[in-house]
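Colleague: Could you take one part of this model and go over it closely? Then please set it in the context of the rest of the chain.

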Amino acid sequence: MFGWTNPVDGGRRPDPRKQKHKDPVLLGVGCGLVEGTQVATQEGWQPIETIEAGDEILTFDGGLQEVQAVVRGELWEGSDDCPVEAWPFLVPPGTIGNRDALTVMPRQGILVESDEIMDEWGDPFAVIPGAALEVLGGIKRVKPKGAEEVYLPVFETDQMVFVNHGALMFCQAHWGVSAGLPPKFGAAQNYNMLPLVVAARLLQRGYMGDNFDYDVA
């Protein structure tokens, strides 16, 4: 229907009741979907910048979900040059389940699945920050070109959104506060972020042994 693929084996879903790694998902600078990112809708793949409140986007857990609001802003809004730590990463096709090249913000959530995660936390899924991808081959930081924009689609609950023909990105309901929606209290409802050091170590171990399935969240 959409031409997307999902490399996660067997249709398993994360179980938030089993997750013990409770570090909160990172917010603020470094999150969001960079303009040009394609999202799966009922009408097919569309650039994120064309999505408006009321549209429906395909999600990992809940099928098509209505967008409550879209928060938008410049990738870097400071008066000085964008610091290297805030530069997004260019991810080549096929690296983390994406059929097309993908630009990932350093604090954007990425969903990984592995037996090593299951052994340590009792659930095979974990969300890692985009900056952890730097340990993988072929991925590099790219300096923002001019006033690039980032978009934060907001749903009623936290969702994983299909992007760029097979990858996933994490969209947090808390983002809606910036759009004037009632605040969501507590930590992320369905997913929690691994610390950068832990995430990078898992990627290094899993990537060498080809033990991971990758999705962008």
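**A buried alanine and its surroundings**

Modeller: Start with A132: its relative accessible area is 0%, so it is buried. Buried here means under 20% relative accessible area; exposed means over 50%, and partly exposed lies in between (1.4 Å probe, protein chains only). Two points on reading the values. This is a predicted model, numbered from 1 along each chain as its sequence is written, in which local features need pLDDT of at least 70, side-chain atom pairs count only at pLDDT 80 or more, and totals for chains, interfaces and linings use all residues. Side-chain values use heavy atoms, with hydrogens and water left out.

A132 sits in the loop between β10 (125-129) and β11 (140-141). Strands (E, at least two residues) and helices (H or I, at least four) are DSSP runs, numbered from the N terminus. Beyond residues up to four places away in sequence, A132 touches L196, A199, A200 and L203. A contact is a pair of heavy atoms within 4.5 Å. The C-alpha atoms of A132 and V197 are 7.7 Å apart, with their positions 65 residues apart along the chain.

I128 touches A199 and L203 too, along with Q108, G109, I110, V112, M193 and L194, leaving aside neighbours within four places in sequence. I128 belongs to the largest nonpolar core, which has 45 residues; I128, V39, L133 and V163 have the most contacts inside it. Such a core is a set of buried Ala, Val, Leu, Ile, Met, Phe, Trp, Tyr and Cys residues joined through side-chain atoms within 4.5 Å. Another core, of 12 residues, lies apart from it; W45, L58, F125 and L168 are among its members.

Now β11, at the far end of the loop that holds A132. An open sheet of three strands runs in the order β8-β7-β11, with antiparallel pairing. Its edge strands are β8 (102-104) and β11, each pairing on one side only. Two strands pair if DSSP finds at least two bridges between them. Strand β7 (residues 89-91) and β8 are joined by three bridges and run antiparallel. F89 stands opposite V104 in β8.

A second open sheet of three strands has the order β1-β12-β6, again with antiparallel pairing. Here the edges are β1 (33-34) and β6 (69-74), each pairing on one side only. Six bridges join β6 to β12 (residues 149-154), and the two run antiparallel. R72 stands opposite Y151 in β12.

V154 is also in β12. Its relative accessible area is 1%, so V154 is buried. V154 touches E66, V67, Q68, A69, V71, A173, W175, G176 and L181, not counting residues up to four places away. V154 and A173 are 19 residues apart in sequence and 5.5 Å apart, C-alpha to C-alpha.

Next, the β4 and β5 hairpin. Three residues link the two strands, which pair in the antiparallel sense over four bridges. T59 stands opposite G63 in β5. F60 is in the loop between β4 (56-59) and β5, and F162 is in strand β13 (residues 159-163), so their ring pair ties together parts that are 102 residues apart in sequence. One aromatic pair turns up in a search of the whole structure. The ring centres of F60 and F162 are 6.4 Å apart and the planes are at 70°, so the pair is edge-to-face. Rings of Phe, Tyr and Trp (its six-membered ring) pair if their centres lie within 6.5 Å; planes under 30 degrees apart count as stacked, over 60 as edge-to-face and the rest as tilted. F60 and F162 are both buried.

Finally, the whole chain. It has two helices and 15 strands. Of its 217 residues, 49% count as buried. Among contacts with a separation of 6 or more, 68% are between residues 24 or more positions apart. The exposed area is about 9,900 Å², with 50% supplied by carbon and sulfur atoms. That area comes from the Shrake-Rupley method with a 1.4 Å probe; for residues, only the protein chains shown count as cover.

The mean pLDDT is 77, and 72% of residues reach 70 or more. pLDDT is the predictor's confidence in each residue, from 0 to 100. Among the elements, strand β5 (residues 63-66) has the highest mean, 96, and strand β15 (residues 213-216) the lowest, 57. Over residues 1-11 the pLDDT is below 50, though the stretch has 33 contacts in the model beyond near neighbours in sequence. Residues 16-27 are also below 50, with 34 such contacts. Where pLDDT is low, the predicted coordinates should not be read in detail.
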